[in-house]
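Reader: I should like a close look at a single helix of this model, with its burial, its packing partners and the sheets around it. Please set the account out as one connected description.

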Amino acid sequence: LLESVKEPLFAAHNMGHAKKVWEALKNPAVVTMVQCAPAVRVGLAEDFGMDSGELVDGKMVTALRKLGFNRVYDTNFTADLTIMEEGSELIKRIQDNGVLPMFTSCCPAWVKFVEQEHYDLQANLSTCKSPQQMAGALFKTYGAQVDKTDPKKIVSVSVMPCTAKKFEASRPEMTASGSPDVDLVLTTRELANLIKHAGIDFRNLEPGQPDSVLGAYTGAGHIFGVTGGVMEAALRTGYELITGKALDDINIVNVRHSEGIKRATIQVGDLTVKVVVVAGLANAAPILEEIKNGTADFHFVEVMACPQGCISGGGQPKVLLENKRKDVYASRMASMYKHDKELPLRKSHDNPEVNKLYKDFLGKPLGHKSHELLHTHYIRRG
Ligand code: SF4
């Protein structure tokens, strides 16, 4: 398909990583593997004149295949995997009197903020890489093994709602596979531009399915795209793994929000777990202050730099009219929770492909291979 599209048309748009993605897609000597973050599929439609918040997961997969990606995997898969690792890490910290509260680490803007402004709290950050980086590390190891492909031939691409993800992919620590785990990062808007340049009739595409074995996901992985989603996903799994019982209501609405700070207490067996969800980086200061002055009594803190979470990230389609922004974000958020409700599996530990990954390759959460590929460390930044 791309052979028929002239390069100058593309070059005129000066799209950075996108140009390199285009070149990789036209290069038969490489194997391209792509992942898309949860929020991409509820934003992409807007750049094609469709309703805000319209879920286009299937069209997105078909468009990626038409563009020529050899493997279409999914960041939602590694969002589920993140829950397995991060939930296990939290339980271990609680049982072993480790550093608490633990901070989520999936938002690179938040991680960089801690490294830069509050390095004394870096041990509070979960050592888990973000779902983007976990996927990249797996593409070039497990993915290469499954595909019987030379990892050196793999070009690992992600599509993210976020410009900070480009920085995250370039961190020197993110090379567990032996080379950059994620080579190139497109934003949602950049993907929309590529699809348009290729002349793909996005609105009329038939839905496709991501490739196995790094493509299946549950509702818990999907809600990573909204503030409170990581916390809710972690609690769905943590509760069941600790108590051995299913939650009465899987919709943990008291951690969902998009303004300021929300605190919640959840009884998990004998353990009273206190959690905090921070919407927007600006609201993290009082929580950090409580930790520093010794008054914090909570175990787990989620911080998303964008108040509504990744659905409102800087790489998503622009909402030019300010008075429309709130409604558009509300539509994207409603779409996230609707998809979660409709999915047959809604708890990360029920993801059959995640369980297969542990059985065939990783061993167990927090095991040796997980530490090598899925966990990281942090550095002081000036
Ligand atoms: Fe990026 Fe915003 Fe999501 Fe953080 S919350 S990962 S800055 S889009």
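Author: In this predicted model, the buried residues of helix α10 are Gly229, Val230, Met231, Glu232, Ala233, Ala234, Leu235, Arg236, Thr237, Gly238 and Tyr239. Eleven of the 15 residues of α10 are thus buried, so the helix is largely enclosed by the rest of the structure. The criterion behind this statement is that a residue is buried if 20 or more other C-beta atoms lie within 10 Å of its own.

The length of α10 (residues 229–243) can be checked against expectation: at 1.5 Å a residue, its 15 residues should span 21 Å, and because the end C-alpha atoms are 21 Å apart, the two values agree. Just after the helix, Gly244 adopts a positive phi of about 75 degrees.

The packing partners of the buried residues of α10 are α4 (75–95), α9 (219–222) and the strands β6, β7 and β8. These three strands belong to an open sheet of four strands with mixed pairing, in the order β3-β8-β7-β6. In that sheet β3 (102–103) and β6 (260–268) are the edge strands, each with a single partner, so one side of each is left without a neighbour in the sheet. Between β6 and β7 (residues 271–279) the pairing is antiparallel and comprises nine bridges; Val268 has Leu271 of β7 as its bridge partner.

From β8 (300–304), the loop leading to α12 (322–342) contains Pro317. With 19 C-beta neighbours inside 10 Å, Pro317 counts as partly exposed, because burial requires 20 or more. Apart from its neighbours within four places in sequence, Pro317 is in contact with Gly43, Glu46, Asp47, Thr188, Arg189 and Ala192.

Among the residues surrounding the ligand are Met304, Ala305, Cys306, Gly309, Cys310 and Gly313, together with others that include Cys107, Pro108 and Cys162. By class, this shell comprises ten nonpolar, two polar and no charged residues.

A further open sheet of four strands has parallel pairing and the order β2-β1-β4-β5. Its edges are β2 (71–72) and β5 (184–187); each has a single partner strand, so one side of each lacks a neighbour in the sheet. Strands β1 (residues 31–36) and β4 (residues 154–160) pair in parallel over six bridges, and Val31 has Ile154 of β4 as its bridge partner. Helix α8 (residues 188–197) lies across β4 and β5, at about 85 degrees to β5.

Key:
Residues are numbered from 1 along each chain as its sequence is written. This is a predicted model: local features need pLDDT of at least 70, side-chain atom pairs count only at pLDDT 80 or more; totals for chains, interfaces and linings use all residues. Two strands pair if DSSP finds at least two bridges between them. Helices (H or I, at least four residues) and strands (E, at least two) are DSSP runs, numbered from the N terminus. A residue is buried if 20 or more other C-beta atoms lie within 10 Å of its own, exposed if 12 or fewer, and partly exposed in between; C-beta atoms are placed from the backbone. Two residues are in contact if their C-beta atoms, placed from the backbone, lie within 7 Å. Axes are lines fitted to C-alpha atoms, for helices over the stretch in contact, and angles run from 0 to 180 degrees between N-to-C directions. A residue is near a molecule or strand if its C-beta atom, placed from the backbone, lies within 6 Å of it. Ala, Val, Leu, Ile, Met, Phe, Trp, Tyr, Cys and Pro count as nonpolar, Asp, Glu, Lys and Arg as charged, and the others, Gly among them, as polar. The expected span of a helix is 1.5 Å times one less than its number of residues.
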